[in-house]
Amino acid sequence: MRRNVLILASLLLAALGMAAQRPVQVRWTSEVESISPTQGIIRWSADINPGWHIYGMEMPEGSGDFAPVPTSITIDPAPGLVLDGGIEPSVAADVHFDDALKLKLPWWEGKVSFTQRFHLADGAKGADIRGTITYMACYDKGCTAPTREQFALAYGTPAPAADDSAGDSTGAPKTDATTSAVAPAADADLWAPVTMPADGDGGAADAAPSAWWALLLWGFAGGLVALLTPCVWPMIPMTMSFFLKKGRSRRRAIADAITYGLSIIVIYLVLGIALTALFGAGKLNEIATSAAFNVVFFLLLVVFAVSFFGAFEIKLPSRWSNAVDSRAESTTGILSIFFMAFTLVLVSFSCTGPIIGTLLVEAASEASILGPALGMGGFALGLALPFALFAFFPSLIKELPRSGSWLNTVKVVLGFVELILSLKFLSVADLAYGWGILDREIFLALWIVLFALLGAYLLGKLRFSHDAPVEGIGVARFFLATASLSMAVYLVPGLWGAPLKGVSAFVPPLTTQDFNLYGGTFREFHDYDEGMRYAAEHDKPVLLDFSGYACVNCRKMEGAVFDTPEVRAILEDDYVLIKLMVDDKAELPRPIKVEEYGDTTVLHTVGDRWSYLQRHKFGINSQPYYVTLDDAGRPLAPARAYDEDVAAFTGWLMSSAEAYDQ
C-alpha cells in the first residue's frame, strides 16, 4: 500500500508541478522619473519567480563560450536624449557556484531594479526613450532561451519622428512594436505603456485564485454528476466487489481500492495537462473562442443529447476496452490496478465525454496550464472518491440503489442539460463573428422551452419511446421538476429586457436585445481611440473594460455590477465607457505586424488589436480587466478584475473620478 501510494503520489505531484509552472519567469516593468524639467531617471524593475534567477551584467573572465547570457539593457539613440553614466543595479549580484557549468557566476533572485540617469540636450523639450532588455532566466534544472523585451517611454514632449505616419490604410504608423504600433499617429501617446498603481482590494491580482477555486469545484461537481450516469454507476458495486472478493485481507483490499482511486485521478490529470501541453494554454484559449470550435462543440453536444434521449448509443470500439481489460488481468500489482482504472475511463467515455469537454472549454479560458489541470483534477477526485469510501465501508455497497429505470431518467435529464449548455457555445461563435442568429430573445426563448420540457419530463408528462410508464414520482423528482419549471418562469421577463442577473454569465448581453422595457443600455464605445477622443472632447474620465464574448466572469460582472442603479448612474453621468472585446473575430482592413518579446506578431482581427493593447500598455492579458484613465491614457487608480462587490466598485469609480478632477 505504502509503495503504491508513493508511486502514484509522485506522479500526481509531478503533474501538478508541470501545471503550476508559469511560462513567464521574469516580469519587467519600465518607468521614467523626472528630477527636473531637463533631467530624469529611467528605472527598469524585474520581478523574478521563486527558485529562478537572472545573471549579472558581466560574466567573469575565463568563463568562455559556455557562460550564460548576461543581463543587459540597451537604449536606442534618440534626438535630445543624453545619457549620464552607465546603468546601475539596485543591489550587487550575488556570486554562486554553478554545478552544471563549474563556474562562479553572479546572479539576482527575487526583485532587482536598474537605473539610468539622463538629461535633455539644449533646446530639447522631451525624448522618446526606447530600447531592449536581454536576459536569461534559470533554475536548478534548466534555463529559458535568451529573451528580449522591448520598452518604450516618453519624457516631456518628444520631437516628432521623421516618418512615423506611414502605415496601413487605417492611418496606423509603421509597425514598430516598441511604440503604439496599432494606433493612429495622432493618438500614439494613448498606447504608450504605463506603470499601474499597486493593486488594491479586488485588484487584478486577486482574480486568478478565485477562478482556479471555481474550476476545481466545478470539476469536482462534474465528477459527482458523472457517477450517476448509466456508464459509471453499475461499475461501482462490480469494481468494489472484485476488490473485496479477491481472497485478500480487508486491509489489502482497502489499499488496492485507494490505489484504484488515485490511478483515476492521475489518468484524468495527465490527460488535462497533456492536452494543454500539446496545444499550449494560449492556443487552447484561442481555439475555445473560434467559430469552428464552438460550432463543432455545439453540434457534438446536440449529438450527445440525442444519444442520451435514446435515439442511438455512442460507444468506443469494444476492442479498445477489451484490450485494456485483458492487460489488467495479465498483469499484477499496481500496474494491474492502473489498467483497471484505464478501463473505467474508456468504458465511461460516452457518458463522461460531454462533461469533460465542457469542463476543458471553460478551463481553457484561463489561458494557463493550471486551468485544465485543476478542472480535470477536480473531476477525477469527484469520480474516484466513492471508490475509496466504499472500500473503507463495504457495507454501504448493499445500500446502493440497483441499476434500473432511474438511471435512464438521469441520462435523459443529462440530455436536456447538454442541449441547454450547447446554446452557450453557439452563442459565443455568434457574438464573436457578429452573425446575429442567436440574439438574446431567441436564446432565452429556447432556454425557456427546454427548461419547461425538462420539468414536464420529470413530472412524467413527457416520455420518450424507451421510457417506462411513470405511475408516481418521488420527492427528488418533484423538487427537480419544480426547480426546472421555476427557471423557465424566471427567464420569461428577460424576453422584455430584464437583466436576469442569476444567468447573466451565460446568456447573450443586453446589447443584442431588440426589445427592451427596462431602460436600455448606456452608451459604449468599442474602439479605443474613438472613445478616448470623445472623453477628451467632453472632459470625462474613461472606464476601459477589457472583455470577451467567451468570458463568463465578464457577463457576471455586467449583470451583477454594471446593471445596478448605483453603477449605472455613475457611468452614465461621469464616465466614458470603452468596452474592448479581445476575441472579436472581425478582420482588420489589413494585417498589422508588431514586435513583441523579440518576435514578430501579426494582428489579423479586431480582437487581436485590443489584446495587443492590453498586453502592450498594461502588461497583462486576462479578462475581465477594468482600468480608469484620464483623457491622456494615464491610469487614475489601481486596476480591478472580477469582483461582484458593488459598493467597492462604486467607491473605486468615485475615487477615480475625484482623482481626475484634481
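In what order do the three strands of the open sheet lie? Here are a few points to help you find your way around this predicted model.

1. Let's start with that sheet. Its three strands run in the order 4-9-12, with antiparallel pairing, and the sheet is open. Strand 4 (72-75) and strand 12 (147-156) form the edges, each pairing on one side only. Ignoring direction, neighbouring strands here are turned against each other by 20 degrees on average.

2. Next, look at how strand 4 meets its partner. Strand 4 and strand 9 (residues 126-135) are joined by four bridges in the antiparallel sense. A handy landmark is Ile73, which stands opposite Ile133 in strand 9. As general background, strands of a sheet pair through backbone hydrogen bonds.

3. Now turn to the nonpolar residues. The largest nonpolar core contains 29 residues, and Phe416, Trp447 and Leu491 have the most contacts inside it. Four helices each supply at least two residues of this core: helix 6 (291-308), helix 11 (405-433), helix 12 (440-458) and helix 13 (475-491). Helix 12 gives the most, with nine residues. In soluble globular proteins, nonpolar side chains tend to be buried together.

4. Leu491 is a good residue to zoom in on. Leaving aside residues up to four places away in sequence, Leu491 touches Leu444, Trp447, Ile448, Phe451, Leu500 and Val503. Trp447, one of these partners, is also among the residues with the most contacts inside the largest core.

5. Finally, don't miss the second core. This core is separate and has 28 residues, including Leu190, Trp191, Val542 and Val582.

Conventions:
Residues numbered from 1 in each chain as written. Predicted model: local features only at pLDDT ≥ 70, side-chain atom pairs only at ≥ 80, totals over all residues. Heavy atoms only, no water. Pairing = 2+ DSSP bridges. Axes fitted to C-alpha atoms, helices over the stretch in contact; angles between N-to-C directions. Core = buried A, V, L, I, M, F, W, Y, C linked by side-chain atoms within 4.5 Å. Buried < 20%, exposed > 50% of the residue type's maximum accessible area, 1.4 Å probe, protein only. Contact = heavy atoms within 4.5 Å.
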